[in-house]
Amino acid sequence: MADIVIKPVSSLQGHVVVPGDKSISHRALLLSAIAEGESTLTGLSAAEDVRHTRMCMEKMGIAFRDEAETVYVSGKGMYGLKKPDDVLYVGNSGTTIRLMTGILAAQPFESVIDGDESIRTRPMRRIIEPLEAMGAQIVSEDNKAPLRISGGVLRAINYASPIASAQIKSCIIMAGLYARGLTCVTEPSQSRDHTERMLKEFGAEAQYSRNGAGVKGPAHLTACHIDVPCDISAAAFFLIAACLLRDSTVRIKNVGINPTRTGVLDVLASMGAKIDMSDQSEISGEPRATLTARFSELGSVNLAGTIIPKIIDEIPIIAIAATQAGGVTTIRDAQELRVKESDRIAAMSINLRKMGGEVRETKDGLVISGPTGLKGAEIESYGDHRIAMSFAVAGLLAEGETIIKNYECVNTSFPGFFEKIDSLKND
Ligand code: S3P
């Protein structure tokens with residue numbers, strides 16, 4: 001586990017390419033594996049989390065071939081997966097374990113799925129309960145990974161999820177593909193809808209709305225082409241860095257702007273950020289655009305309720321922006337952040353205080369006063385990619401050097417992140 005030193009910069013300038021959307025990449029690999037025929041995937045993320053989804057599918061007999069920028073997937077159909085000889089290891093990837101368990105719950109074999117230390121602490125009852133209601137048997141210790149799944153015939157359910165979570169919704173929809181009848185999930189407020197959109201590309205009957213999603217089973221998926229847009233959650237680090245550093249302009253092309261993901265743009269706009277959107281198009285059911293961010297004087301914002309699922313992965317970097325915004329920013333209803341790759345509420349508040357930020361932790365969020373001049377400090381990433389990248393941006397603004405511990409965890413979602421920052425430096 002190595003450290004990296006971040007030095008302050010005066011501005012960032014230029015064009016940057018960010019990885020393919022992680023959420024969409026996972027779904028493209030999972031659905032193409034159970035589709036009939038050869039799918040072609042472009043723009044796929046090369047991040048570690050996504051590699052784990054691919055490796056798990058390889059362990060179940062799915063062949064992937066890389067040629068230039070395209071990944072060819074030999075889909076084996078709904079029941080073409082073979083029993084893995086070994087544990088399915090997901091590394092740090094919550095999306096892999098939760099979505100894949102939905103598929104495993106319907107397979108006529110037993111499987112074990114597990115992950116790293118962080119995955120073993122994350123709550124799985126949220127998927128075990130609905131999958132058991134559908135007829136699956138899942139054995140675990142205290143509802144945590146490893147999960148031993150005895151799959152089989154499933155029945156369709158109507159599930160009211162108590163949490164707005166695309167991982168829960170998508171897990172149930174994956175299982176619902178195998179159950180006879182209509183499987184529906186409702187949620188307290190809308191989470192990202194990539195699964196529902198992509199199912200249509202694969203020819204399945206999927207429905208979606210503001211309060212949930214449904215799928216009719218048994219489904220038959222047909223191979224197709226999916227082009228994955230760039231990840232707005234990765235772009236957010238550069239967009240916010242450009243807004244915070246005087247004289248900066250950063251442009252990012254082909255960024256996914258699915259409305260269930262663009263909360264960060266809405267929040268930044270309400271803080272006074274100058275972010276332009278151009279070249280809009282829609283490919284593979286997912287809208288995308290070029291985003292250009294410029295230095296802007298920011299004001300504070302109050303974040304709670306239905307916006308939270310739409311910014312769930314961007315809250316750490318929004319918190320960094322809040323330290324530079326005039327006024328008091330409050331973030332509430334974000335208790336889910338406590339069960340991400342790390343406890344992100346605690347990680348943000350501990351590290352921000354080390355840098356001289358004025359921040360108070362609440363049970364479901366943060367209260368941040370700004371603007372404050374940040375000072376370089378030694379930052380604990382807690383092995384969490386989004387914490388490491390958020391504080392790398394904070395380090396660019398701070399006085400003195402910032403050390404990010406265990407910085408390699410950025411590979412979870414964004415290999416090459418630090419090199420991209422270097423390429424935009426304009427000193
Ligand atoms: C994801 C959903 C979100 C998000 C995660 C990716 C997905 O998690 O935080 O990074 O791809 O479905 P929750 O569903 O737990 O909110």
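In the predicted model, a backbone N or O atom of Ala166 is placed 3.0 Å from an oxygen atom of the ligand. Side chains also approach ligand oxygen atoms: a polar side-chain atom of Ser165 lies at 2.6 Å from one, and a polar side-chain atom of Lys340 lies at 2.7 Å from one. Of the 390 Å² of accessible area that the ligand has on its own, the protein covers 96%.

The shell around the ligand consists of Ser23, Arg27, Thr95, Ser165, Ala166, Gln167, Arg192, Ile312, Asp313 and Lys340. By class, these residues comprise two nonpolar, four polar and four charged. At least two residues of the shell are supplied by helix 1 (22-33), and at least two by helix 5 (166-176). The ligand occupies the largest pocket. Because domain 1 (3-19 + 229-424) and domain 2 (22-227) both contribute residues to the shell, the ligand lies between them.

Backbone geometry was examined next. Most residues other than glycine have a negative phi, and most peptide bonds are trans. Two peptide bonds that precede proline are cis in this model: the bond from Ala145 to Pro146 has omega near 5 degrees, and the bond from Gly217 to Pro218 has omega near -5 degrees. Pro146 belongs to strand 9 (residues 144-150), whereas Pro218 is located in the loop between strand 13 (212-217) and strand 14 (225-227). Asn143, a residue other than glycine, has a positive phi, near 60 degrees. Asn143 is located in the loop that connects strand 8 (137-141) with strand 9.

Note on methods. Residues are numbered from 1 along each chain as its sequence is written. This is a predicted model: local features need pLDDT of at least 70, side-chain atom pairs count only at pLDDT 80 or more; totals for chains, interfaces and linings use all residues. Side-chain values use heavy atoms; hydrogens and water are left out. A residue is near a molecule or strand if one of its heavy atoms lies within 4 Å of it. A polar contact is a pair of N or O atoms within 3.5 Å; within protein, one must be able to donate a hydrogen and the other to accept it, and residues adjacent in sequence count only if both atoms are side-chain atoms. Accessible areas come from the Shrake-Rupley method with a 1.4 Å probe; for residues, only the protein chains shown count as cover. On a 1 Å grid over the protein atoms alone, a cavity is a set of points where a 1.4 Å probe fits but cannot get out, and a pocket is an open set with protein on both sides within 12 Å along at least five of seven lines; lining residues have an atom within 4 Å of a point. A molecule sits in a cavity or pocket if more than half of its atoms lie within 2 Å of its grid points. Helices (H or I, at least four residues) and strands (E, at least two) are DSSP runs, numbered from the N terminus. Ala, Val, Leu, Ile, Met, Phe, Trp, Tyr, Cys and Pro count as nonpolar, Asp, Glu, Lys and Arg as charged, and the others, Gly among them, as polar. Domain bounds come from an automatic or database domain assignment.
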